[in-house]
Amino acid sequence: MTLKERIEADIKQAMLAKEKTRLQALRSIKSQILLAETEKGGGDGLAPDTEMKLLTKAAKQRRESAEVFAKQNRPDLEEVELAELAVIESYLPQQLDEGELRVRLVEIIQRVGATGPSDLGKVMGVASRELAGVADGRAISNAVSALLNNTDF
């Protein structure tokens, strides 16, 4: 079952259960999928990695919006964004914790032969590709910087 099919089935369930916030989040995801299919030229649907990128982008948008609403002291809007984020994250693979992320990044650093902060771009290119969907880009960047600055990994 493709992501689009899962979303459509879940939209029907959310409508029957009258889950307003869940329905709104699911419709947003479906809209992004349809836009991406239209840009691509339609046809066979989206590749799984493209679907993950869409979901990751949607989750990042909700997370950033929630942070802005928290800073603006708007808990009502923050709560909506966090609820939608939870729905979106239910379709994403399990995120790596800090320890797992560090282990994976150390492997990548050793594989590409990075020796210091000057190799940040080389490591980030590989890490971003391999860890897409299972770790936040900001977390990857911060961890890679810390590891490369402390060359005793």
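The chain exposes about 9500 Å² of surface, and carbon and sulfur atoms supply 52% of that area. This is a predicted model, and buried residues make up 33% of the 153 residues in the chain. As for the charged groups, the chain has 22 positive and 25 negative charges, and the mean positions of these two sets are 4 Å apart.

**Overall layout**

The chain holds seven helices and zero strands, so that, read from the N terminus on, its elements run α-α-α-α-α-α-α. Taken along the principal axes, the C-alpha atoms fill a box of roughly 55 × 45 × 25 Å. If one takes the contacts between residues at least 6 apart in sequence, 60% of them join residues that are at least 24 apart.

The confidence of the prediction can be followed along the chain as well: the average pLDDT is 89, and 95% of the residues score at least 70. Among the elements, confidence is highest in helix H4 (residues 75–89), at a mean of 95, and lowest in helix H7 (residues 137–149), at 89.

**Helix H3 and its surroundings**

Helix H3 covers residues 48–71, which is 24 residues, and its first and last C-alpha atoms lie 35 Å apart, close to the 34 Å expected at 1.5 Å a residue. Its buried residues are Glu51, Leu54, Leu55, Ala58, Ala59, Arg62, Ala66 and Phe69. When reading such a list, it helps to recall that an α-helix has 3.6 residues a turn, so residues three or four places apart point the same way.

Thr56 is also found in helix H3, but it counts as partly exposed because its relative accessibility is 31%, a value that falls between the 20% limit for buried and the 50% limit for exposed residues. Once its neighbours within four places in sequence are left aside, Thr56 is in contact with Leu92 and Gly133. The C-alpha atoms of Thr56 and Ser90 are separated by 11 Å, although these two residues are 34 places apart along the chain.

**A residue of helix H1**

Which residues does Lys4 touch, not counting residues up to four places away in sequence? They are Ile33, Leu34, Glu37 and Glu51, and the last of these names, Glu51, also appears among the buried residues of H3. Lys4 itself has its place in helix H1 and counts as partly exposed, because its relative accessibility is 23%. Between the C-alpha atoms of Lys4 and Thr21, which are 17 residues apart along the chain, the separation is 19 Å.

**Two loop residues with positive phi**

Lys18 has a phi near 60°, a positive value in a residue other than glycine, and its place is in the loop between helix H1 (3–17) and helix H2 (20–40). Asn73 likewise has a positive phi, of about 60°, although it is not a glycine; this residue comes just after H3, in the loop between H3 and H4. Lys18 counts as exposed because its relative accessibility is 73%, and Asn73 counts as exposed because its value is 61%.

The table below gathers the accessibility of the residues discussed one by one.

| Residue | Relative accessibility | Class |
|---|---|---|
| Lys4 | 23% | partly exposed |
| Lys18 | 73% | exposed |
| Thr56 | 31% | partly exposed |
| Asn73 | 61% | exposed |

How values were computed
Residues are numbered from 1 along each chain as its sequence is written. This is a predicted model: local features need pLDDT of at least 70, side-chain atom pairs count only at pLDDT 80 or more; totals for chains, interfaces and linings use all residues. Side-chain values use heavy atoms; hydrogens and water are left out. Helices (H or I, at least four residues) and strands (E, at least two) are DSSP runs, numbered from the N terminus. Buried means under 20% relative accessible area, exposed over 50%, partly exposed in between (1.4 Å probe, protein chains only). Contact means heavy atoms within 4.5 Å. Accessible areas come from the Shrake-Rupley method with a 1.4 Å probe; for residues, only the protein chains shown count as cover. Lys and Arg count as positive and Asp and Glu as negative; His and the chain ends are not counted. The place of a charge is taken as NZ of Lys, CZ of Arg, CG of Asp or CD of Glu. The expected span of a helix is 1.5 Å times one less than its number of residues. pLDDT is the predictor's confidence in each residue, from 0 to 100.
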